[in-house]
Amino acid sequence: MEETKEFVDFYIDMPIIVYTILIILSLFIALIKKNNLEAIRLFRTKSNKLNVLDLVISVLLFLKLSTLIIFNVPYLMIKSGIEYNIESKKFGNYKENKSGNFKNTYRSLSDDNELYIIIIGESTSRSHLGIYNYYRETTPELKKMSKNLLVYKNVISPHAYSVGALTKILTIGNYENPEKVSAGSIIQLANSVGFETYWLSNQRPIGPYESMITKISLSAKNHKFLTTTIAGNSKVLDEELLGEFNEVISNNDVKKKLVFVHLMGTHHHYENRYPKAFNKFKDDPITKFKSEENFTKINHYHNAVLYNDFIISELIKQVDSLHTKSFALYFSDHGEEVFDDLNMAGHNEDIYSKKMFDIPFVLWQSQKYKEEKELLFVEDRKYMTDDLFHGMADLLDISANEVDFKRSIFNKDFKERKRIIKDTIDYDTFFK
């Protein structure tokens with residue numbers, strides 16, 4: 001309900017409400033004036049019933065063949081409900097099967113303490129980040145540590161919504177084999193070689209057994225969803241995760257930790273994603289879609305990015321302070337259109353915007369990690385995160401029959417492939 005209210009507040013304005021009311025009133029008046037008896041008689045004969053049925057089928061066929069049906073609300077409600085239940089059932093085994101069904105898993109034994117963190121952002125387009133040469137300095141903290149960062153400049157997400165993106169990012173599934181999203185996750189792979197795994201989230205799980213992302217996350221040995229303890233309050237700031245993370249890394253009894261930190265990031269409403277201390281950007285931003293409302297939303301977004309920069313850098317600093325074998329990988333689930341190419345702010349797979357797929361992708365490594373593992377860094381490598389299962393396995397030095405290092409952006413044997421977004425569209429030709 002909170003997510004629905006937030007969506008409605010963000011996308012529905014007064015003109016749309018007035019227009020909808022007028023349409024409903026017009027229909028109501030037309031029905032009152034119509035002779036209802038004639039409508040009842042219409043269904044009394046068999047031939048009339050068949051004619052009505054033929055008309056309904058013809059309209060449905062027209063809607064289907066013309067693709068207009070995808071914008072039909074009753075159709076979407078039924079279709080989405082059916083698809084959700086089918087997909088949800090595929091993920092039912094992640095909580096019970098902590099180690100998956102991987103074959104010939106291997107990782108060399110080590111006495112080192114190890115701490116690895118995967119930071120998953122939300123709705124953040126790389127084009128609005130200072131470290132990607134944006135005109136506003138929205139990432140001052142990451143810029144300070146830029147000499148120790150690998151900043152990848154050509155990484156995209158397979159989808160413009162969280163469930164579609166993360167179910168592929170975290171699993172073996174990709175656009176070539178979308179059905180494999182239920183065949184095993186990077187969390188299960190890490191469990192199978194002895195890691196203690198953690199999932200810390202500032203995203204609402206919508207009931208611990210309902211969200212498909214949540215079902216994958218429950219394969220972690222430890223998990224915590226902060227917002228479930230605050231009755232769905234969508235204003236919980238990501239800084240609440242810093243204390244939870246510190247508690248995890250302070251446990252010296254566990255030598256090998258893999259921690260997933262799922263941020264609220266820059267999800268709309270943007271003004272709810274940062275505290276007052278980060279209300280920095282107030283002047284008119286650069287955009288071709290000029291209005292006070294647009295300027296306000298852009299400034300809120302940039303302040304949210306600024307706060308996001310603080311959170312990511314704080315997490316990295318916490319890891320760095322331990323002087324252990326570590327890395328921190330940060331990426332966003334998908335991007336966001338914020339009055340760049342379209343006169344809108346948000347993300348929607350039925351509206352095509354390059355910014356919805358362009359994501360930040362940044363890796364920090366500790367000195368001990370660098371000494372033991374050498375990565376091949378090519379900043380402009382074309383990469384899509386539906387193959388990140390293999391990239392994370394590579395970073396963690398885990399091999400298995402299901403792991404293909406040719407699909408790892410960090411590996412010398414990496415092979416570029418077509419980047420097919422939404423399972424059907426070639427990103428590199430569509431946005432050329």
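Mentor: Buried means under 20% relative accessible area, and we shall apply that cut-off to this predicted model.

Trainee: Why is Tyr152 counted as buried or exposed?

Mentor: The relative accessibility of Tyr152 is 0%, and since the cut-off is under 20%, Tyr152 therefore counts as buried. Tyr152 lies in strand E2, residues 149-152.

Trainee: Which residues does Tyr152 touch, leaving aside those up to four places away in sequence?

Mentor: Tyr152 touches Tyr132, Phe361, Leu376, Phe377, Val378, Glu379, Ile409 and Phe410. In addition, the C-alpha atoms of Tyr152 and Asp380 are separated by 6.4 Å, although these two residues are 228 apart along the chain.

Trainee: What makes H11 largely enclosed by the rest of the structure?

Mentor: Of the 29 residues of H11, 21 are buried, so this helix is largely enclosed by the rest of the structure. H11 covers residues 292-320, and from its first C-alpha to its last it reaches 42 Å, close to the 42 Å expected at 1.5 Å a residue.

Trainee: Why are H10 and H11 called roughly parallel?

Mentor: The axes of H10, residues 240-249, and H11 cross at roughly 15 degrees and come within 11 Å; angles under 35 degrees count as roughly parallel, and the two helices are therefore described in that way. The crossing of H10 and H11 is right-handed.

Trainee: Which residues of H10 and H11 meet?

Mentor: On the H10 side they are Leu242, Phe245, Asn246 and Ile249, which meet Ile311, Glu314, Leu315, Gln318 and Val319 of H11. Sorted by class, this contact has six nonpolar, two polar and one charged residues.

Terms used
Residues are numbered from 1 along each chain as its sequence is written. This is a predicted model: local features need pLDDT of at least 70, side-chain atom pairs count only at pLDDT 80 or more; totals for chains, interfaces and linings use all residues. Side-chain values use heavy atoms; hydrogens and water are left out. Axes are lines fitted to C-alpha atoms, for helices over the stretch in contact, and angles run from 0 to 180 degrees between N-to-C directions. Helices (H or I, at least four residues) and strands (E, at least two) are DSSP runs, numbered from the N terminus. Angles under 35 degrees count as roughly parallel, over 145 as roughly antiparallel, 65 to 115 as roughly perpendicular and the rest as oblique. A crossing is left-handed if the near helix is turned anticlockwise from the far one by less than a right angle, and right-handed if clockwise. Contact means heavy atoms within 4.5 Å. Ala, Val, Leu, Ile, Met, Phe, Trp, Tyr, Cys and Pro count as nonpolar, Asp, Glu, Lys and Arg as charged, and the others, Gly among them, as polar. The expected span of a helix is 1.5 Å times one less than its number of residues. Buried means under 20% relative accessible area, exposed over 50%, partly exposed in between (1.4 Å probe, protein chains only).
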